[in-house]
Amino acid sequence: MIAVLKQGTDEQKMNSLIDWLRARGLDVHISRGEFHTVLGLIGDTAHLDTELLESLEIVESVKRVSDPFKSANRKFHPDDTVVSVGDVKIGGGHFAVMAGPCSVESPEQIAEVASRVKAAGASVLRGGAFKPRTSPYDFQGLKAEGIELLLHAKRETGLPIVTEIMNAAHLPLFEDVDIIQVGARNMQNFELLRELGRQKKPVLLKRGLANTIKELLMSAEYIMAGGNEQIILCERGVRTFETYTRNTLDLSAVTVLHELTHLPVIVDPSHATGVSRYVKPMAMAAAAAGADGLMIEVHPNPSAALCDGAQSLTPDDFEALMRAVAAVREAVKNV
Ligand code: PEP
Ligand code: MN
């Protein structure tokens, strides 16, 4: 249920209303917009007298909300959430590109990619240190050493870094990581999500291979329920019957998510298509659809990559992608 308060409501009256609601066992999520403050009432509101609530002097309107996601719901929080990482902002009109290799492989590889993606205009460096591989015999990532190499690249370039966590026990290694990624395979690892809810660090939450938009939002809700509201959602393709692409990019998810939630939404066309020549067109389409950013895999020599070479762009191809995306953003800015 949400209660929209009247414009210019007195803070003290609002606080007594909140105390009154809390005394009835409800959690209250406060969202201050430009004109109105909206109270999101979380918990069992079945016995709450909505007419009584609506009759209060400071309340403008009361609505029952049936969506199971409350904190992520745009109805509670009409303004876009902007996630800030140093000087980089994502969401609410701020567009950010995260780029780098699938896996951190060596000091030379990550250093070269970092400087090239930065020069091309990326604002966050990505790179996997803990890799969720389908086969236990494939390269599993450099783990702690991979994070060290990313941190070195961060110091050299000034780019904030995003890297995937697979186990909450590894959190101490992520202390200086700027954005913690939850990969598609862990989207419903609820214990991990709860632990990330207790952190004060932005989380990049990728949609699972076979998960609905509602399930993605419920996973975001797990993190938000712990108090961490700095979440970036990522559409990275879902599994369908199609075989010409690795997954099927569900671009409609960008529009649907923007309607349902205030959280920023980025698109990963690399994992969505699995084919490097499809990455640029899908990145352009994502920008046209209003995505708040992109995640792109870039490798200095994709044919020698230890992971996901087929979908990785060369630094030159990445530069071309950045120019194409900028042109699309310019073309659609007043639409
Ligand atoms: C990744 O970003 O490296 C990754 C493994 O992606 P996903 O979880 O979307 O498959
Ligand atoms: Mn990858």
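Visitor: How are the donor residues of the manganese ion (ligand 2) spaced in sequence?

Guide: The spacing of those donor residues is C-x168-H-x25-E-x10-D. This is a predicted model, where local features need pLDDT of at least 70, side-chain atom pairs count only at pLDDT 80 or more, and totals for chains, interfaces and linings use all residues. Residues are numbered from 1 along each chain as its sequence is written, chains are lettered from A and ligands numbered from 1 in the order in which they are written, and side-chain values use heavy atoms, with hydrogens and water left out.

Visitor: Which atoms are the protein donors of that manganese ion?

Guide: They are Cys102 (SG), His271 (NE2), Glu297 (OE) and Asp308 (OD), at 2.0 to 2.4 Å from the ion. Donors here are N, O and S atoms within 2.8 Å of the metal (3.2 Å for Na, K and Ca), and since water is not among the atoms, sites may look incomplete.

Visitor: Where do glutamate 297 and aspartate 308 sit?

Guide: Glutamate 297 is in strand 14 (residues 293-297), while aspartate 308 is in the loop between strand 14 and helix 10 (315-332), 11 residues apart. Helices (H or I, at least four residues) and strands (E, at least two) are DSSP runs, numbered from the N terminus.

Visitor: Is glutamate 297 buried or exposed?

Guide: Glutamate 297 counts as buried because its relative accessibility is 1%. Aspartate 308 is buried as well, at 18%. Buried means under 20% relative accessible area, exposed over 50%, and partly exposed in between (1.4 Å probe, protein chains only).

Visitor: Switching topic, where is aspartate 268?

Guide: Aspartate 268 lies in the loop between strand 13 (265-267) and helix 8 (269-273). With 0% relative accessibility, aspartate 268 counts as buried.

Visitor: And what does aspartate 268 touch?

Guide: Leaving out residues up to four places away in sequence, aspartate 268 touches Lys206, Cys234, Glu235, Arg236 and Met295. A contact means heavy atoms within 4.5 Å. The aspartate 268 side chain also reaches the backbone nitrogen of serine 270 at 2.9 Å.

Visitor: Zooming out, how many helices and strands are in the protein chain?

Guide: The protein chain has 10 helices and 14 strands. Of its 335 residues, 52% count as buried. Along the principal axes, the C-alpha trace spans about 65 × 45 × 40 Å.

Visitor: Which domains is the chain divided into?

Guide: Domain 1 (2-63) and domain 2 (83-332), with bounds that come from an automatic or database domain assignment. Their C-alpha centres lie 37 Å apart.

Note on methods:
A polar contact is a pair of N or O atoms within 3.5 Å; within protein, one must be able to donate a hydrogen and the other to accept it, and residues adjacent in sequence count only if both atoms are side-chain atoms.
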